[in-house]
Amino acid sequence: MNHELNELKEQILQCTKCELSKTRNRVIFGEGNVNAEIMIIGEGPGRDEDIQGRPFVGKSGQLLDKILAACGFNRTHHVFIGNIVKCRPPQNRVPSPSEAAICMPYLQKQIELIDPKILILLGATSLKYMVGSEYRITRDRGKWINHDGRLAMPVFHPAALLRNPALKRPTWQDFKNIVYKYRELVDPAHKSDHV
Ligand code: SF4
């Protein structure tokens with residue numbers, strides 16, 4: 001990890017800037033390849049993540065890993081996974097606007113340092129806080145959004161797919177489009193058994 005990102009990590013792991021620091025067990029910095037061209041941005045840690053200190057390790061995370069594998073992507077090489085807030089909101093509630101506003105400069109700095117070409121915005125909260133409350137996940141998923149010179153793709157959150165399997169088909173279409181874009185922008189030879 002480069003020096004600046006390491007310093008940022010040290011800072012984040014000790015952060016007590018918002019109320020979520022009082023109820024968390026672990027701060028989740030994020031994980032993956034710090035040189036990845038894809039950054040996946042979720043809402044915030046849940047119970048399993050708060051215990052293990054890693055992002056997306058519960059049922060949603062397992063589904064995300066399956067989708068990534070079908071695309072020919074994996075966590076260690078192709079993506080870096082982060083969240084809007086780095087500490088678990090109690091009872092997995094949605095992070096408040098003030099918690100997101102306090103925490104998001106860390107995420108913005110991570111994006112700047114990792115410098116990915118593609119952002120995948122997982123679910124309504126990530127979409128709202130990253131690009132604006134005028135966007136709607138049901139209406140805007142699958143559409144590329146230009147975000148500060150990067151391409152951002154909103155997709156349904158894996159937890160929503162677990163609740164409603166009918167969302168799997170459109171989500172798979174969105175991820176196929178992400179693979180096509182990855183080949184166009186990053187690696188024309190990228191291999192996937194399914195796309
Ligand atoms: S959620 Fe973010 S701002 Fe709040 S304590 Fe955790 S790291 Fe700090």
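**Exercise 1.** What percentage of the 195 residues in the chain do buried residues make up?

*Solution.* Keep in mind that this is a predicted model. A residue counts as buried if 20 or more other C-beta atoms lie within 10 Å of its own. By that test, buried residues come to 40% of the chain's 195.

**Exercise 2.** Work out how the chain is built up along its sequence.

*Solution.* Start with the tally: eight helices and six strands. Then walk along the sequence, and you'll read α-β-β-α-α-β-α-β-α-α-β-β-α-α.

**Exercise 3.** Check the chain's radius of gyration against that of a compact globule.

*Solution.* For 195 residues, a compact globule would come out near 16 Å. The chain has 16 Å, so the two agree. As for its extent, the C-alpha trace spans about 45 × 40 × 30 Å along its principal axes.

**Exercise 4.** Find the largest nonpolar core and see what feeds it.

*Solution.* First, some background: nonpolar side chains tend to be buried together in soluble globular proteins. Here, the largest nonpolar core has 46 residues, and I38, M39, I40, I41, V79, I120 and L121 have the most contacts inside it. Next, look at the elements giving this core two or more residues: they include β2 (38-42), β3 (79-83) and β4 (118-122). The top contributor is α4, with six residues. Finally, zoom in on I38: leaving out residues up to four places away in sequence, I38 touches H78, V79, P116, I118, I120 and Y182.

**Exercise 5.** Describe what surrounds the ligand.

*Solution.* Count the shell: 13 residues, with C15, C18, S21, C87 and C103 the closest. Now sort the shell by class, and you get nine nonpolar, two polar and two charged residues.

Technical notes
Residues numbered from 1 in each chain as written. Predicted model: local features only at pLDDT ≥ 70, side-chain atom pairs only at ≥ 80, totals over all residues. Near = placed C-beta within 6 Å. Nonpolar A, V, L, I, M, F, W, Y, C, P; charged D, E, K, R; others polar. Helix = DSSP H or I, 4+ residues; strand = E, 2+ residues; numbered from the N terminus. Rg over C-alpha atoms; globule rule 2.2 N^0.38 Å. Buried ≥ 20, exposed ≤ 12 C-beta atoms within 10 Å, placed from the backbone. Core = buried A, V, L, I, M, F, W, Y, C linked by C-beta atoms within 7 Å. Contact = placed C-beta atoms within 7 Å.
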